[in-house]
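Reader: Please show me the complex. Then let us go through it by question and answer.

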Amino acid sequence: MENKEKLLLEIKDLKTHFFTEDGVVKAVDGVDFEVYQGETLGIVGESGCGKSVTAFSILRLLDYPGKTVGGEVIFKGENLLKKTEDEMRGIRGKEIAIIFQEPMTALNPVLTVGFQISEALMMHFKIGKKEAINKSVELLKKVEIPMPEERANEYPHQLSGGMRQRAMIAMAMSCDPILLIADEPTTALDVTIQAQILDLMMALLREFNGSLIMITHDLGVIAEIADRIAIMYAGKVVEYADKKTIFHNPLHPYTLGLLTSIPRLDVEMKRLDVIPGIVPNPLHFPSGCKFNPRCRFATDRCKKEEPSLIKIEEGHLVRCWNVDKVVKEVKKGFLVGV
Amino acid sequence: MANSLLQVKNLVKFFPIKKGVFRKTVGWIQAVDDVSFEIYEGETLGLVGESGCGKTTTALTILRLEEPTKGQVIFDGRDVVKMKKADLRKERKNMQIIFQDPYSSLDPRMKIKDIIAEGILTHNLLKVRERYKRVGELLEKVGIPAENMDSFPHEFSGGQRQRIGIARALALEPKIIMCDEAVSALDVSIRSQIINLLKDLQKEFNLTYLFIAHDLSVIKYISDRVVVMYLGKIVEIADKKELFTNTMHPYTQALISAVPVPNPDYKKERIILKGDVPSPANPPTGCRFHPRCSKVMKICSEIEPKLTEAKEGHFCACHLYNEK
């Protein structure tokens, strides 16, 4: 990415821990990334890797026992972690909006869809109820919900899953936010509906040059919409690069493992690669590199010392001691047909 | 060609919609409507479609976990639908199922050795000591150390629980296993472990799978032949390779084009379907896909297309191909 582009959000060494009865869960433990104006950053990882907690920490939506204990969230040059709760209210929804995975639990079941959208409009723009409702209908029309006037008076359970997610997008876009965080927005949807929703989201963002942080476990979705990608494992970013680099020249064993273990439509695969073992329990992370028990390149050093996120080349950062070995593996051609 | 192991003929399953104080039936959910296909011995038949298209209901009615409204299910030459309870119970030994959610499909109060041994006990196959020896073997087969057999389900991760579900299905040495979204709830790295395990077990025990999934990439990887369903009907059946290279039905085309491919250089034309899947309580007339179809013709809203063989082994229910 060129430097001409405006840096919108910068996360530096973010640490969010949960203080539970069983011990401290380091859900997010050193996450760094940047988001530029107009670009899409994809955060990829499996369940429990801290993707969602990262999103919640940016907006400071976490309650006890979760607490952000370190790092900086610099949005438009200001650290959000230092803002007062009142200042945050002015930012949430207006400048940074979020779309959740499960539209049914994110929407309030006893309020009409129209009212829920107008709430944010009334608060941020100080407009009357009538005007806000009218604007909500317009927004519902914009997200291509048929018969928006009637739909605005309906309750969430009366809408289909895809429609609910459209309503969520209308709500998130209501105040023209400059940054949208989407936390697995299409995971609960069918593929044909997913295609509709992604299309709509990207079109709306392009309209006002907004940025997007897309959180997902689906590498296919990421390949389609992201500009840059952060791969997360056990609370840390393990690899960070632009899309092409991640897919063609991955340097972290975990990224490589993910790419070769998914069945895909574009290549014939004889047998899927396997990342052995399971995601470690966050209460008892292994020492050294957190991926070492599952890594086929692991050495003694990996078990003792934790690697830091090192710049390999401009815009490509990796957290691994054995980058040379992975490079050799990738050079051999890790996927036929790509 | 291999022998046909299971034939489903004109299977219908309607669920009543009840309303009011007297629970009067006011309509029917047409979950599975006139579905016919066969499964050959040793193959994996993929059944794909979006939520609500009747994939799961099809599997459940085949096992008679749901009573079919109409139709025949011929398994090993006998009609499962007409069987008496006792015969059915015996026959179920040969037909097992693996469920989607490894959390709700295992009884939290039972030790896993008892979960796996339950079928063996029901069918009175082995004495106690041999039974648990067999459980141990099964657990090792699916990659869980046998010494863990006294643990409870909550002590295992999602992937391990799915392995336990597989061991349970294997316990009776079935001929066919229905895998109902068996890998959908799992993380990427765990999913490939389970898919590989299913493939290995198939080879070792000459198993036949009816593999139900909504994820086309998984279906493409694991299946030999594929059945595509839409709103209770089969729209296309073909050999895997044929289906993905020579897609006929407009719905299948749209479905394949909607799958995101993890390759930034992969270019394809995307067909975006308009609207939502209609309700199975009130499906459209004629072809059920016609309100969303990009190639809709006049006839489509009037006459329902029949599933016909357009090419050898390639069946399609669409008026585009029926005229010629």
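The turns below cover confidence, the contact between chains, the sheet and some backbone details.

Author: This is a predicted model, in which local features need pLDDT of at least 70, side-chain atom pairs count only at pLDDT 80 or more, and totals for chains, interfaces and linings use all residues. Residues are numbered from 1 along each chain as its sequence is written, while chains are lettered from A and ligands numbered from 1 in the order in which they are written.

Reader: Which element of chain B has the highest mean pLDDT?

Author: pLDDT is the predictor's confidence in each residue, from 0 to 100. Chain B has a mean of 92, and 99% of its residues reach 70 or more. Helices (H or I, at least four residues) and strands (E, at least two) are DSSP runs, numbered from the N terminus. Among the elements of chain B, helix 10 (residues 319-322) has the lowest mean, 86, and the highest, 97, belongs to strand 3 of chain B.

Reader: What ipTM does the predictor give the complex?

Author: Two scores come from the predictor. The pTM is 0.89, and the ipTM is 0.85.

Reader: Which helix of chain A gives the most to the side that touches chain B?

Author: Contact here means C-beta atoms, placed from the backbone, within 7 Å. By that rule, 40 residues of chain A are in contact with 32 residues of chain B. Helices 7 (161-173), 8 (191-207), 9 (219-225), 10 (243-248) and 11 (253-261) of chain A each supply at least two residues of that side of chain A. The most, 6 residues, come from helix 8 of chain A.

Reader: Which element of chain A helps cover the buried residues of helix 9 of chain B?

Author: A residue is buried if 20 or more other C-beta atoms, placed from the backbone, lie within 10 Å of its own, exposed if 12 or fewer, and partly exposed in between. In helix 9 (residues 250-258) of chain B, the buried residues include Tyr251(B) and Leu255(B). Their cover includes helix 7 (216-222), strand 9 (225-230), strand 10 (233-239) and helix 8 (240-245) of chain B, together with helix 8 of chain A.

Reader: Which are the edge strands of the open sheet in chain B?

Author: Strands pair if DSSP finds at least two bridges between them. The sheet has 8 strands in the order 6-7-8-3-9-10-12-11, with mixed pairing. Each edge strand pairs on one side only: these are strand 6 (95-98) and strand 11 of chain B.

Reader: What is the bridge partner of Leu45(B) in strand 8 of chain B?

Author: Strand 3 (residues 44-48) and strand 8 (residues 208-213) of chain B pair in the parallel sense over 5 bridges. Within strand 8, the partner of Leu45(B) is Leu210(B).

Reader: Which residue in the turn between strands 11 and 12 of chain B has a positive phi?

Author: Strand 11 (residues 308-311) and strand 12 (residues 314-316) of chain B run antiparallel, joined by 3 bridges. They form a hairpin with 2 residues between them. The turn residue with a positive phi, about 75°, is Gly313(B).

Reader: Is Glu184(A) buried or exposed?

Author: Glu184(A) lies in the loop between strand 7 (179-183) and helix 8 of chain A. Its phi is positive, about 50°, although it is not a glycine. Because it has 20 C-beta neighbours inside 10 Å, Glu184(A) counts as buried.

Reader: Is Met147(A) buried or exposed?

Author: Met147(A) sits in the loop between helix 5 (129-142) and helix 6 (148-152) of chain A. Its phi is near 50°. Because it has 10 C-beta neighbours inside 10 Å, Met147(A) counts as exposed.

Key. Contact = placed C-beta atoms within 7 Å.
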